[in-house]
Amino acid sequence: MGEHKPVERTPSGVALAGGGPLGGIYEVGALVALDEALRGLRRTDCDVFVGVSSGAFFASGLANGLSPREMHARFIETTEHDDPFEPEVLLKLAMREYGKRIATLPRLFTSALGDYLRGNSKQRAIESFQRLSKALPNGIFDSTPIRRYLQRLAATPGLTDDFRELKRKLFIIATDLDTSSLVTFGAPGFDHVPISRAVEASAALPGYFPPVKIDGRHYVDGALLKTLHASAALKEGVKLLFAINPLVPYKAELQLPETEAKSLADEGLVAVLSQMFRSLIYSRMKVGMERYRHQYPDADIVLFEPRRDDHEMFFTNVFSYADRRRLCEHAYQQTREDLLRRAASLKPVLARHGIALDEAVLRDKSRTLMQKDEEAPRLQTILENLSETLGRLEPMLHVNEEPA
């Protein structure tokens with residue numbers, strides 16, 4: 001009998017959707033889990049990377065050769081680097097934007113007052129002074145510190161801020177504000193834009209960050225029009241695409257039986273708006289995935305996302321970065337469970353592309369992203385309980401013991 005020839009690895013890619021800081025944290029945990037469990041392909045060895053919104057941040061890291069573990073240490077733990085990514089980077093007020101808008105107030109007020117004096121009704125007054133809304137800032141926080149951090153990171157030997165210098169293809173998706181059309185930074189005609197600038201534009205969620213001006217055009221969050229934009233990778237000939245979508249609508253009725261499912265209406269406006277936003281992008285993604293299956297029938301798309309009943313992922317603030325360690329560990333363990341649960345269906349798909357699923361790694365309960373100092377208290381508690389139990393058992397063992 002002849003020997004079986006190993007299956008050659010086919011072109012592969014990674015597509016990361018948006019979801020604010022919470023979404024990015026989830027993606028890091030999921031990426032580490034994938035890197036550990038898949039044999040034959042590391043995430044940094046993929047051929048094409050696509051990032052939208054916060055996903056652009058980590059897609060650019062993978063394309064630059066930063067492993068998921070390294071990104072976890074730099075962006076989640078933040079204690080092992082001289083220049084870590086701190087939460088404060090996301091919370092700097094857009095003072096320049098505020099100043100620019102305040103400077104327009106005198107002109108706007110004079111114009112509104114003149115228009116009001118020429119009117120003769122209350123409705124006219126409302127219409128006249130409504131123009132003062134132009135003085136409101138386009139965003140609360142400043143995205144410039146994010147870009148500067150990425151520029152400093154790219155200055156590290158072996159990394160780059162230039163799409164054209166990457167060994168792998170990287171596509172960052174943003175939305176042209178004035179035409180509501182998608183722009184793919186990294187593609188021909190848009191690959192001269194620095195990666196850091198493209199990421200800043202893709203993550204500029206309206207209202208949170210001001211639009212980012214590039215070559216005379218204003219760009220905002222790429223997730224406004226598409227959730228994953230997997231087609232950017234599939235058009236490049238990718239046959240195996242790992243896609244991660246961190247935001248899914250919540251389904252309370254899927255909770256455990258002992259947990260009473262409450263209506264999201266009882267949780268207030270934020271929960272209602274979050275459910276609406278997640279439902280919109282989720283339904284759009286589902287339509288896109290179905291279209292990809294018809295347009296690229298020879299490509300396999302493996303999607304990872306939180307469970308619909310994941311209370312923690314839904315009720316944590318999308319823009320929260322404070323509890324990043326716990327949330328990243330949660331995503332890591334959830335992805336490991338997902339891989340093990342889907343092992344029977346995933347293994348033949350991965351095998352077609354020369355990749356194996358290591359179930360032994362997934363069954364190893366000792367694996368964690370938590371630091372040793374964070375695990376120590378838990379271990380100490382376990383040892384104390386064990387010592388107490390042994391102390392209780394010892395007298396019982398000598399009850400029936402006969403004297404020598």
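A lining residue of a pocket is one that has an atom within 4 Å of a point of that pocket. The exercises below apply this term to a predicted model.

**Exercise 1.** Determine which element supplies the largest share of the lining of the second largest pocket.

*Solution.*
1. The second largest pocket encloses about 490 Å³ of space.
2. Its lining comprises 19 residues, and those closest to the centre are R96, D142, T144, P210 and P211.
3. At least two lining residues come from each of α4 (95–102), α7, α8 and β6 (212–214).
4. The largest share belongs to α4, with 5 residues.

**Exercise 2.** Establish how the lining of the second largest pocket divides by residue class.

*Solution.*
1. The lining to be classified holds 19 residues.
2. Of these, 10 are charged, 5 nonpolar and 4 polar.

**Exercise 3.** State how many cavities of 30 Å³ or more the structure holds, and describe the lining of the largest cavity.

*Solution.*
1. There is 1 cavity of 30 Å³ or more in the structure.
2. The largest cavity contains about 110 Å³ of space.
3. It is lined by 14 residues, of which S60, N64, L150, L153 and A154 are the closest to its centre.
4. The elements giving two or more residues to this lining are α2 (54–63), α7 (144–154) and α8 (195–202).
5. By class, the lining of the largest cavity consists of 8 nonpolar, 5 polar and 1 charged residues.

**Exercise 4.** Identify what α7 and α8 contribute to the two linings.

*Solution.*
1. For the largest cavity, α7 and α8 are among the elements that give two or more lining residues.
2. For the second largest pocket, α7 and α8 each supply at least two lining residues.

Notes: Residues are numbered from 1 along each chain as its sequence is written. This is a predicted model: local features need pLDDT of at least 70, side-chain atom pairs count only at pLDDT 80 or more; totals for chains, interfaces and linings use all residues. Side-chain values use heavy atoms; hydrogens and water are left out. On a 1 Å grid over the protein atoms alone, a cavity is a set of points where a 1.4 Å probe fits but cannot get out, and a pocket is an open set with protein on both sides within 12 Å along at least five of seven lines; lining residues have an atom within 4 Å of a point. Grid points are joined across faces, edges and corners, and a volume is the space filled by probe spheres set on the points. Helices (H or I, at least four residues) and strands (E, at least two) are DSSP runs, numbered from the N terminus. Ala, Val, Leu, Ile, Met, Phe, Trp, Tyr, Cys and Pro count as nonpolar, Asp, Glu, Lys and Arg as charged, and the others, Gly among them, as polar.
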